[in-house]
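Please open the model in a viewer and keep the sequence panel visible. The tour below proceeds by selection, one region at a time.

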Amino acid sequence: MSSWNGNIRVLALEKYGDSIAQGYDLVKMLSAKGEVEKGKTLASTYCIACHKIGNEGVDFGPALSQIGGKLSREGLINAIINPSEGMGFGYETQLVKFKDGKEIRCIVNSKTENDLIVKLVGSGEQTIYKLANIESITQLSESLMPAFPISEQELVDLVSYLEGMRK
């Protein structure tokens, strides 16, 4: 299921069943029709807490205003159910450990001689930490995007809405 090739993922689903895709039937979802308005409501519920869609949302994760022109239907579904497989450059999860024992998971925007400038989950604002207070910075393989409790039909609706995001 971690292959970049969608055909291989579909073949894996056919051979091994949908349990390897967190219980989703990818083959069925690829051909299902979604309701765009329901998808828009789902995007307002889940996506805009961390993503910009047009003028709405938070500038934390990648903007979704043009995502329909960048990813196929299958790519959109996979990005939602397996967000760690395709983290965009500059959106990698970083684990920052401080000398006082505190830890944060964030996106690092930049690092200067004295400061670490990050974005925290759900915030478009940058936060600055002094490097002198930081013990380590480690890139993680897990995305900061959580798994959402949505049904197959809701996922199809959401993807139908996102497919229209092309401007």
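The stops that follow go from the whole chain to the sheet, then to the cores and a pocket.

**Whole chain.** Begin with everything displayed, bearing in mind that this is a predicted model. The protein chain contains five helices and seven strands. Read from the N terminus, its elements follow the order α-α-α-β-β-α-β-β-β-β-β-α. Of its 167 residues, 39% count as buried. Among contacts between residues at least 6 apart in sequence, 58% join residues at least 24 apart.

**The sheet.** Next, select β3 to β7. These five strands make up an open sheet, ordered β6-β5-β4-β3-β7, with antiparallel pairing. At its edges are β6 (126-130) and β7 (134-139), each of which pairs on one side only. From one strand to the next, the twist averages 45 degrees.

Restrict the selection to residues 94-98, which form strand β3. Is this strand mostly covered or mostly uncovered? Four of the five residues of β3 are buried, and the strand is mostly covered. On one partner, β4 (residues 103-111), β3 pairs in the antiparallel sense over four bridges. The two strands form a hairpin with four residues between them, and Gly101 in the turn has a positive phi of about 100 degrees. β3 is also joined to β7 by five bridges, again in the antiparallel sense.

Leu95 is a useful residue to label here. Its bridge partner in β4 is Arg105, and in β7 Leu95 stands opposite Thr138.

Move then to strand β5 (residues 115-120), which pairs with β6 in the antiparallel sense over five bridges. Within this pairing, Val118 has Thr127 of β6 as its bridge partner.

**The nonpolar cores.** Now display the side chains of Met29, Ile53, Ile77, Leu155, Leu158 and Leu162, the residues with the most contacts inside the largest nonpolar core, which has 21 residues. The elements that give two or more residues to this core are α2 (26-31), α3 (36-47), α4 (73-81) and α5 (152-163). The most comes from α5, with six residues. Apart from this core lies another, of nine residues, among them Phe98, Ile104, Tyr129 and Ile134.

Return to the largest core and centre the view on Leu155. Which residues does Leu155 touch, not counting those up to four places away in sequence? They are Tyr24, Met29, Ile77, Ile80, Ile81 and Ile150.

Two of these partners, Ile77 and Ile80, are among the buried residues of α4, so select that helix next. Eight of the nine residues of α4 are buried, so the helix is largely enclosed by the rest of the structure. The buried set also includes Arg73, Glu74 and Asn78.

**The second largest pocket.** Finally, select Ile53, Gly54, Glu56, Tyr161 and Met165. Among the 13 residues that line the second largest pocket, these lie nearest its centre. About 160 Å³ of space lies in this pocket. The largest share of its lining, three residues, comes from α3.

End the tour on Gly54, located in the loop between β1 (52-53) and β2 (56-57). Is Gly54 buried or partly exposed? With 44% relative accessibility, Gly54 counts as partly exposed. Its C-alpha atom is separated by 8.9 Å from that of Gln66, 12 residues apart along the chain.

Key: Residues are numbered from 1 along each chain as its sequence is written. This is a predicted model: local features need pLDDT of at least 70, side-chain atom pairs count only at pLDDT 80 or more; totals for chains, interfaces and linings use all residues. Side-chain values use heavy atoms; hydrogens and water are left out. Two strands pair if DSSP finds at least two bridges between them. Axes are lines fitted to C-alpha atoms, for helices over the stretch in contact, and angles run from 0 to 180 degrees between N-to-C directions. Buried means under 20% relative accessible area, exposed over 50%, partly exposed in between (1.4 Å probe, protein chains only). A nonpolar core is a set of buried Ala, Val, Leu, Ile, Met, Phe, Trp, Tyr and Cys residues joined through side-chain atoms within 4.5 Å. Contact means heavy atoms within 4.5 Å. On a 1 Å grid over the protein atoms alone, a cavity is a set of points where a 1.4 Å probe fits but cannot get out, and a pocket is an open set with protein on both sides within 12 Å along at least five of seven lines; lining residues have an atom within 4 Å of a point. Grid points are joined across faces, edges and corners, and a volume is the space filled by probe spheres set on the points.
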